[in-house]
Amino acid sequence: MAERRSPTIRRRRLGAELRRLREAAGVTIEVVAERLECSQSKISRIETGHTTATVRDVRDMITIYGIVGAESEDLLQIAREARQKGWWASYSTVLTSAYVGFEAAAGSIRAYEQQVVPGLLQTEDYAKAMIRSARPDITAEEVEQRVRVRLSRQSLLSQDDPIDVWVVLDETVVSRPVGGDEVMRGQLKRLVEAADQPNVTIQILPFDVGAHAGMDGTFTILDFPEPGDPPVVYAENATGGLFLEKVEELQKYAFIFDHIRAAAIRPEDSVALIASLAEEPLWKWRQRGFA
C-alpha cells in the first residue's frame, strides 16, 4: 500500500520521533526549550503533534540529541512534509478538529454510528439536511462549505488505493428520515451502492439486540498503513471530538467494535434490509401505526 502523506499524520509522526530521540538522549524539555529560546509548552506541543515545527526548530532539536547523517535528513524531510497544506486547509474556518487530516492518511476505518450516516457515505442532500438541523447556529455559506468538505472526502473510497471502511450503523440511523422521505430514500440507496464496493462493509445493529457494547457513544478507529503510525480513536461530540491514542484506549475500542460487529446483522443481510427500507421505510409504517 502506498503511503498516504497527510501533513497531519506526518506532524504526529515527527513529534513522536522527536520525543523518542529526546528521551533516548536523556535531555529534558526544559533544556530543549532553553536552547531553542522558546517555551516548554511549545516543545511539548511539537512532541504531541499539536503544533507544526519549523524545519529550523527540528534541525536545532536533533542537533541537541546528536542526530546526524541519514536519520537527520529523514527527520528534516518529514518536517518539510508536515508543513505542507492538505486540500482541506482552505476549509479551516468550518473544520473543528484534525479528523480530516487523519482520515486522509488512514488505510482503514472501523466506525460505529448511533444517529447519522457517516460522512464518507452521505449523499449531498442528506449532508445538507443533517448539517442544517444539527447546526442551526451556522450560516448557509458555512453549511455549503461543510458539505463540500464532506463530498471531497468521499474520493478516498474510489481512488486508486481506496481506504477500507467497515461501518456498523445503529438501526436508528436508517429509521429516521433526515431531510424527509425523498432525501432519506436516496440516502438508503446510496448505502446499498456503497456496500457493493469491495472496500466498504456495512452492518446494521438492530433494535432487538437490546443493550450492547456501544451504548456509550459513536466512535471511529483509524488504522494507518505505516508501522510508525499507531492507530487513533476519534470520539465525536458537538465541539469537535476527542482523539484517543493510549494503548489501553485503543484496545478497549477495538474490543467494543468487535462486540458490536458480532451483535449486528451480517453484512449481506444488512444491505438487503437497507434496500427494503428504501422501498418501504420504517417511518412510513410507524406513521400508519400511530394514525
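**Figure 1. Arg12 and its salt bridge to Glu245.** In this predicted model, Arg12 counts as buried, with a relative accessibility of 9%. The cut-off for buried is under 20% relative accessible area. The side chain of Arg12 meets that of Glu245 in a salt bridge, with 2.7 Å from N to O. Arg12 belongs to helix α1 (residues 7-25), whereas Glu245 sits in the loop between β6 and α10, so the pair ties together parts that are 233 residues apart in sequence. Glu245 is partly exposed, at a relative accessible area of 37%. Side chains of opposite charge can pair when their charged atoms come close.

**Figure 2. A salt bridge within helix α7, between Lys128 and Glu124.** Both residues lie in helix α7, which covers residues 124-134. They are 4 residues apart, or about one turn of the helix. Their side chains meet in a salt bridge of 3.5 Å, taken from N to O. Lys128 is buried, with a relative accessible area of 18%. Glu124 is partly exposed, with a relative accessible area of 37%.

**Figure 3. A salt bridge within helix α10, between Asp258 and Arg261.** The closest N and O atoms of this pair are 2.7 Å apart. Asp258 and Arg261 are 3 residues apart in helix α10, so about one helical turn separates them. Asp258 is partly exposed, its relative accessible area being 35%. Arg261 also counts as partly exposed, at 26% relative accessibility.

**Figure 4. A network of salt bridges that links Glu17, Arg20 and Glu71.** Three residues are joined here: Glu17, Arg20 and Glu71. For the model, the count of salt bridges comes to 18.

**Figure 5. The open sheet of 6 strands.** In what order do the strands of this open sheet stand? The order is β3-β2-β1-β4-β5-β6, and the pairing is mixed. The edges are formed by β3 (200-205) and β6 (242-244); each has a single partner strand, so one side of each is left without a neighbour in the sheet. On average, neighbouring strands of this sheet are turned by 15° against each other, with direction ignored.

**Figure 6. The pairing of β2 with β3.** Strand β2 (residues 164-170) and β3 run parallel and are joined by 6 bridges. Within this pairing, Val168 stands opposite Gln203 in β3.

**Figure 7. Helix α10 across the sheet strands.** Helix α10 is formed by residues 247-263. The helix lies across β1 (108-113), β2, β3, β4 (219-223), β5 (232-235) and β6. Its direction is at about 115° to β4. The salt-bridge partners Asp258 and Arg261 are in helix α10.

**Figure 8. The second largest pocket and its lining.** This pocket holds about 620 Å³ of space. Its lining is made of 26 residues. Which residues lie nearest the centre of the second largest pocket? They are Thr8, Arg11, Gly49, His50 and Ala98. The elements that give two or more residues to the lining are α1 and α6 (99-105). Helix α1 supplies the largest share, 4 residues. Arg12, the buried residue of the Arg12-Glu245 salt bridge, also lies in helix α1.

Terms used
Residues are numbered from 1 along each chain as its sequence is written. This is a predicted model: local features need pLDDT of at least 70, side-chain atom pairs count only at pLDDT 80 or more; totals for chains, interfaces and linings use all residues. Side-chain values use heavy atoms; hydrogens and water are left out. Two strands pair if DSSP finds at least two bridges between them. Axes are lines fitted to C-alpha atoms, for helices over the stretch in contact, and angles run from 0 to 180 degrees between N-to-C directions. Contact means heavy atoms within 4.5 Å. A salt bridge is a side-chain nitrogen of Lys or Arg within 4 Å of a carboxyl oxygen of Asp or Glu. Buried means under 20% relative accessible area, exposed over 50%, partly exposed in between (1.4 Å probe, protein chains only). On a 1 Å grid over the protein atoms alone, a cavity is a set of points where a 1.4 Å probe fits but cannot get out, and a pocket is an open set with protein on both sides within 12 Å along at least five of seven lines; lining residues have an atom within 4 Å of a point. Grid points are joined across faces, edges and corners, and a volume is the space filled by probe spheres set on the points.
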